[in-house]
Each structure stands twice: as structure tokens, then as C-alpha cells.
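Open your viewer and get ready to click through a few stops. Each one tells you what to select and what you will find there.

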Amino acid sequence: MDSQDNNLKYKVIIAALAAVILGILIAFYYSNAQSNSNISYLEREKKMLTDKLANMQANIESLSSEIEVNKIDLDVANNDVSRLLDSIGQLNFDSKKYDQNKRDLRRWQLKYDSLNMKYNALKYSNVVLSETVQNAKKRAEQYKAQALAAAQNEEDLKDANSKLNKELKNKTYLKIRSSEALAFRVRNGRDINTNKASLISKLRACTTISGNPNDINIEKRLYLQFLDPNKKVIANNANIINVKGNEYSKAVDIIYTGVNEEICEHIKFPTGALKPGIYTLNVFEEEKLLSSIEFELK
């Protein structure tokens, strides 16, 4: 019985010891876990505090730099204020001359306006002058071209005149021994001689020609030129012959046979076309005047 009791006591004691040990182990485990958790929290808090301190240190350094800059700006602003004060003093001094300066400024403004107007006028004149110079250059070129053309024409005329002079030296003209101008009116198909201008419808030229023995059987052309009192050419049947700028009443072609002969030709015009006055008959061979006479119509 005592042995069983002792065994039971031992078991109880061992059980109690086991329970105490187990409790101690459990308490130690929880205490260790709590310690690890606290350590982790403290590590986090330490890191946060370290970061905040580092940030604060950076802010302090930045603030210190800004203070230096602000100090420089403050010095600059102070200097500016000093200069402004000096300027204001000078301005107060110059303000006494405001009216005089205003008058001077107005005078200079007027001078500027005057000079500007003169400049614009000169500028316009320069443009006009430039155009005039350009036009003058063009005209000069034209005159130069015309002068060259005229010089060439002069050379051509000289050559032509030289040839013509050579021809004229060898050329012979007919000779007129006598010329006569007659006026007629027509009645019943008959020509009736008269000198009354208002009735005349025909003028007749008769001329006796002679020539050079070397010109025998050579064709010649004569031009009859009747001129009214105003020296205007009288047309034949409203026709006027124009040769090299010269006007004639009629052309007559003949063949000189070497014998003196009389040639008569007439021109016609409307009755009443002539007025009283002194008329002229000219006889030409080419451009050479062979004979000229005057006659009167009343």
C-alpha cells in the first residue's frame, strides 16, 4: 500500500515537475517570440528615425544654402535701393528742367520730321532719277543703234551717189528748143483754144526736142508737170504720177531718132476746176528739169 502510495506520489511529483517544466518552456517560448517581435519593431523604428534624421539634416543644409542666397539677394536689393534713392535725388534735380527739356525735345522732333520729309523727298527723287537714268540708257542705246544705222545708210548713200555720179558723167539728156502751153475748152467734141479758166477742161504741152547723136534710137521718158498758181500739181483725169517723191501730171515715152521733132501731149480735168492766175509748165527727163515756162489764165 505504501509502495503504491509512494509510486503515486512520485508520479504526481514527476507529473507536477513535468507540468512545471512544460509551463516554463511555454512561457520561455512566448517570451522569446515577444522579444523577437519587439526587436523587429525597434529595428523598424530605428530605421524610420534614422531616415527622418537624415532628411532633417538635408533640409537643414538646404535651408542654410537658401539663407546664404537670401543674404546675397538681400545685399543686392539693398544696393538697388541705394541706387534708386540716388536716382530719385537726381530725378528731383532734373525735374526742375522738365519744361526746358520738353521744349528741346519738341524742337528736335520738328527737326527730325523735317529731315524725314527731306529724306523721303530725296528717296522719291532718287527713284525718279534712277528711272530717268534707265530710260536715258535705253534711249542712248537706241540712239547708238540709230547712229550706226545712219552711218551705214550714209555709207550706202555715198556708194549710191558715187555710182550715180559715174552714171551721170556718162549720161546725156535731151535738149528742149522750145515749149508751149495751150488751154482748151471742148464744145461739140471740138477743142477750142481759150484762156478763160472757168471754161477750160484740157491743157496741152508742146515741146521741140533735140538730142545727142549717141542717143539715136534710145528710148527716153519725159514728165510733164502742170502747176496751178499755188504751185500744186494738176492731176490728169484725177491721177498724179509719183516718182521718187516727185509728182508729175503725165509721163511721155519717146524714141529719139536724131531728128528735131515736136511732141504734144495734153491732160484732162473737170470743167471749172481751174482758177484764174499764173500757171507753170515744167518738162523733166527723169529728175532733170529740161524746160520751164509760165502762162496766164483769166
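Is Glu 286 buried, partly exposed or exposed? Select Glu 286: with a relative accessible area of 42%, this residue is partly exposed, a class that sits between buried (under 20% relative accessible area) and exposed (over 50%), using a 1.4 Å probe and protein chains only.

A word on the model: it is predicted, so local features need pLDDT of at least 70 and side-chain atom pairs count only at pLDDT 80 or more, while totals for chains, interfaces and linings use all residues. Residues are numbered from 1 along each chain as its sequence is written, and side-chain values use heavy atoms, leaving out hydrogens and water.

Look at the surroundings of Glu 286: the loop between strand S9 (277-285) and strand S10 (288-297). Strands here are DSSP runs of E with at least two residues, numbered from the N terminus. Now add Tyr 173, which is 113 residues from Glu 286 in sequence and 9.3 Å away in space, C-alpha to C-alpha.

Next, select Tyr 223 and Tyr 248. Their rings form a stacked aromatic pair, 4.5 Å centre to centre with 25° between the planes (Phe, Tyr and Trp rings, the last by its six-membered ring, pair with centres within 6.5 Å; planes under 30 degrees apart are stacked, over 60 edge-to-face, the rest tilted). Tyr 223 lies in strand S4 and Tyr 248 in strand S6, so the pair ties together parts 25 residues apart in sequence.

Keep Tyr 248 and add Phe 284: this pair is edge-to-face, at 5.4 Å and 65°. Both residues are buried. Finally, show Tyr 223, Tyr 248 and Phe 284 together as one aromatic cluster.

Terms used. Helices (H or I, at least four residues) and strands (E, at least two) are DSSP runs, numbered from the N terminus.
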